[in-house]
Amino acid sequence: MDNDDIGPTVGSPVPDPQAELLKAHIEAGKARMLDGGAQPQDSFLFLSAPHEAMPKLAFLDPILDPVDKTVWANIWIHAKEQGAQNAGFPSHRILMSRCNIR
């Protein structure tokens, strides 16, 4: 009998299909950012649930000022607008304009 046919042995890690899909998604996003000419320090990979709600913890955080929450929300909106494209971090000019910061 060939031992290759018996599957994983006791103690060997069993791959999680969802974890493998997430890993592939992250690697594809990273490749798109770098292929677009972005430098790693100028980019971010934003993973979130596919809904339009502000996360409760960010909204209710007692330390964040209203401006901080607005900036965070606009970074999130910018990433969602970019979709699967190169979602680089919005410039200070874009953030200041969208958040009405002078």
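This report walks through the helices of a predicted protein model and a few of its residues.

## The overall picture

Let's start with the whole chain. The protein has four helices and zero strands, so reading along the sequence gives the pattern α-α-α-α. The protein counts 102 residues, and buried ones make up 18% of them.

Two further totals help to fill in the view. The accessible surface comes to about 8100 Å², with 60% of that area belonging to carbon and sulfur atoms. Among contacts with a separation of 6 or more, 49% join residues that are 24 or more positions apart.

## Helix H1 and its cap

Helix H1 covers residues 17-35, which makes 19 residues. From its first C-alpha to its last, H1 reaches 27 Å, close to the 27 Å expected at 1.5 Å a residue.

Look just before H1 and you will find aspartate 16, which caps the N-terminal end of the helix. A side-chain oxygen of aspartate 16 lies 3.2 Å from the backbone nitrogen of glutamine 18.

## Helix H3 and what covers it

How well does the span of helix H3 agree with its number of residues? H3 runs over residues 66-82 and has 17 residues, so at 1.5 Å a residue it should span 24 Å. Its end C-alpha atoms are 25 Å apart, which agrees.

Which residues of H3 are buried? They are Lys69, Ala73, Asn74, Ile75, Trp76, His78 and Ala79. The cover over these buried residues includes helix H2 (56-60) and helix H4 (92-98).

## Two neighbours in H3

Aspartate 68 also has its place in helix H3. Is aspartate 68 buried or partly exposed? Its relative accessible area is 35%, and because that value falls between the 20% limit for buried and the 50% limit for exposed, aspartate 68 is partly exposed. Aspartate 68 and alanine 58 are 10 residues apart in sequence, and their C-alpha atoms are 9.5 Å apart in space.

Lysine 69, one of the buried residues of H3, lies over the face of phenylalanine 59, at 5.8 Å from the ring centre. As for rings pairing with each other, the structure holds zero aromatic pairs.

## A proline in the loop

Between H3 and H4 there is a loop, and proline 90 is found in it. Why does proline 90 count as buried? Its relative accessible area is 4%, and buried means under 20%, so proline 90 qualifies.

Proline 90 can also be placed relative to H3. Proline 90 and alanine 79 are 11 residues apart in sequence and 8.4 Å apart in space, C-alpha to C-alpha. Alanine 79 is itself one of the buried residues of H3.

Technical notes: Residues are numbered from 1 along each chain as its sequence is written. This is a predicted model: local features need pLDDT of at least 70, side-chain atom pairs count only at pLDDT 80 or more; totals for chains, interfaces and linings use all residues. Side-chain values use heavy atoms; hydrogens and water are left out. Helices (H or I, at least four residues) and strands (E, at least two) are DSSP runs, numbered from the N terminus. Buried means under 20% relative accessible area, exposed over 50%, partly exposed in between (1.4 Å probe, protein chains only). Contact means heavy atoms within 4.5 Å. Accessible areas come from the Shrake-Rupley method with a 1.4 Å probe; for residues, only the protein chains shown count as cover. The expected span of a helix is 1.5 Å times one less than its number of residues. Rings of Phe, Tyr and Trp (its six-membered ring) pair if their centres lie within 6.5 Å; planes under 30 degrees apart count as stacked, over 60 as edge-to-face and the rest as tilted. A charge sits over a ring if NZ of Lys or CZ of Arg is within 6 Å of the ring centre and within 35 degrees of the ring normal. A polar contact is a pair of N or O atoms within 3.5 Å; within protein, one must be able to donate a hydrogen and the other to accept it, and residues adjacent in sequence count only if both atoms are side-chain atoms.
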